[in-house]
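Work through the exercises below with the structure open. Each one is a task followed by a solution in steps.

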Amino acid sequence: MKYDFDEIVNRRGTYSVKWDGGEFLKKHGMTERYDEETIPLFTADMDLPVPQPVVDALHRTVDHRIYGYSVVPDEYYEAIQGWFKRRHDWDIRREEIVYCPGTVHAIFAAVRTFTEPGDGVIIQRPVYPPFTMAIEKNGRTVVNNALKQGEDGRYEIDFDDFEAKAKEPSTTMFILCNPHNPTGRIFRPEELKRLADICRANGVLIVADEIHGDLIRRNETFVPIAKVAEAGTPIVTCTAVNKTFNLAGLHCTNLVISDPELREKFTQALGHAPATPFAYSALIAAYNEGEEWLDQLKEYLDGTFEFALAFLRERMPKVKAVMPEGTYVLWMDFSGYGLSAEEVRDRVYHRANVLLQEGKQFGEEGAGFLRMCIPSPRPLIKEALERIAREFEDIR
Ligand SMILES: Cc1ncc(COP(=O)(O)O)c(C=O)c1O
């Protein structure tokens with residue numbers, strides 16, 4: 001089946017945080033303007049319909065009319081195993097899979113379960129803000145191994161700094177984001193192996209958030225860290241049908257934890273948190289029948305990135321941005337305009353009426369940047385970029 005991702009589906013009135021969250025966003029000081037003309041591109045979900053087999057599976061579940069307690073079906077595990085084998089050549093044993101109602105939930109729980117108050121947790125800023133929240137709200141300490149941006153805009157790992165920080169006796173965990181949100185880097189197997197070796201040598205547990213692993217450019221490959229790390233390296237990997245198939249509202253994250261002790265400790269800490277029948281049926285359909293959709297989606301996202309980068313080069317050459325290897329976020333450096341963060345925000349959020357996410361929320365390394373999530377119909381992205389460009393035309 002051919003999907004039409006240019007179709008604009010009205011999401012207002014569906015409890016969408018992007019499209020119905022105006023009052024919430026204003027209350028939390030994110031913007032002063034939110035109205036029916038606002039284009040919200042700040043949060044990482046897609047304004048694109050999910051694969052038809054998923055819709056059909058959910059219909060079958062809804063049409064049954066009874067939504068009682070559910071039991072995890074064998075097909076659920078088989079679908080996850082099949083997906084990771086086919087797409088990432090990764091053999092996962094059934095008993096290694098642990099369901100969790102969300103990735104952020106899992107990261108918070110992992111920090112609480114596997115570290116002690118005051119412990120240091122390494123993250124690589126600029127990085128997805130809930131990593132910092134999970135550490136700080138649990139009374140642990142952020143240990144920042146900042147990524148270094150080269151002249152070409154590409155971000156690299158500072159391994160000497162990473163190793164020095166991993167060696168600190170107080171450092172007990174590393175939260176890896178790969179593909180990396182917001183920089184778009186996909187770390188290569190050699191880089192992952194080096195990180196894993198350092199962690200293993202220093203008794204640092206790796207929590208690998210790999211939920212963008214399916215959302216990569218056509219010419220790129222993604223390798224899970226658990227595949228390249230030496231056997232016995234302690235790793236908790238987060239995977240999520242949520243992100244790949246735009247099912248975030250169904251809360252379906254699956255962790256892969258090979259070490260039986262770690263797994264036992266984590267499941268104990270999580271308590272009783274089963275999934276809903278909607279999550280089961282959606283995941284099974286997505287992983288078993290969603291590949292055709294994903295391949296079309298990837299092509300569409302590549303095209304939108306190509307369009308957006310060409311637009312910036314032509315209409316906003318002061319904005320620096322590169323093609324991300326993975327993720328669907330565009331990380332744009334607005335510092336070339338020489339404006340304050342407040343002025344940039346005012347022009348984009350209030351005058352252009354486009355809501356993005358401010359770079360400084362990803363750590364001070366993100367100051368001067370804005371992040372745009374681009375998995376929306378391309379006409380909407382075009383309109384958002386046009387509006388933003390108009391507000392900066394006075395600066396040449
Ligand atoms: C790197 C990363 N981790 C986690 C999440 C959120 O995942 P979940 O909805 O499963 O909590 C996101 C969403 O944008 C993300 O980009």
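**Exercise 1: Backbone geometry**

Task: place P179, then state the geometry of the peptide bond between N178 and P179.

Solution. Step 1: in this predicted model, P179 belongs to the loop that links β7 (171-177) with α8 (189-201). Step 2: the bond joining N178 and P179 is cis, with omega about -5°.

Task: find which loop holds P126 and give omega for the bond from R125 to P126.

Solution. Step 1: P126 is in the loop between β3 (120-123) and α6 (130-136). Step 2: omega from R125 to P126 is near 5°, and this peptide bond is cis. Step 3: for context, most peptide bonds are trans.

Task: state the sign of phi at D89 and locate the residue in the fold.

Solution. Step 1: D89 is not a glycine, and its phi is positive, near 50°. Step 2: most residues other than glycine have a negative phi. Step 3: D89 lies in the loop between α4 (74-88) and β2 (97-100).

**Exercise 2: The ligand site**

Task: describe where the ligand sits and what surrounds it.

Solution. Step 1: the ligand occupies the largest pocket. Step 2: around the ligand are 13 residues, the closest being T103, N181, D209, H212 and N242. Step 3: sorted by class, this shell has five nonpolar, six polar and two charged residues. Step 4: α5 (103-114) and α10 (241-244) each contribute at least two residues to the shell.

Task: list side-chain contacts to oxygen atoms of the ligand for N181, H212 and K243.

Solution. Step 1: apply the cut-off for a polar contact, a pair of N or O atoms within 3.5 Å. Step 2: for N181, a polar side-chain atom is 2.8 Å from a ligand oxygen. Step 3: for H212, an N or O atom of the side chain is 2.8 Å from an oxygen atom of the ligand. Step 4: for K243, the distance from a polar side-chain atom to a ligand oxygen is 2.9 Å. Step 5: on its own the ligand has 400 Å² of accessible area, and the protein covers 89% of this.

**Exercise 3: The annotated span**

Task: report the UniProt feature at residues 54-388 and the helix and strand content of that span.

Solution. Step 1: an unreviewed UniProt entry places "domain: Aminotransferase class I/classII large" at residues 54-388. Step 2: this span is 43% helix and 16% strand. Step 3: its end C-alpha atoms are 35 Å apart.

Conventions. Residues numbered from 1 in each chain as written. Predicted model: local features only at pLDDT ≥ 70, side-chain atom pairs only at ≥ 80, totals over all residues. Heavy atoms only, no water. Near = heavy atom within 4 Å. Polar contact = N/O pair within 3.5 Å; in protein donor to acceptor, adjacent residues only side chain to side chain. Areas by Shrake-Rupley, 256 points an atom, 1.4 Å probe, with all protein chains shown as cover. 1 Å grid on protein atoms, 1.4 Å probe; cavity = no way out; pocket = protein on both sides within 12 Å on 5 of 7 lines; lining within 4 Å. Sits in = over half its atoms within 2 Å of the grid points. Helix = DSSP H or I, 4+ residues; strand = E, 2+ residues; numbered from the N terminus. Nonpolar A, V, L, I, M, F, W, Y, C, P; charged D, E, K, R; others polar. UniProt positions renumbered as here; feature names shortened; annotations may be inferred.
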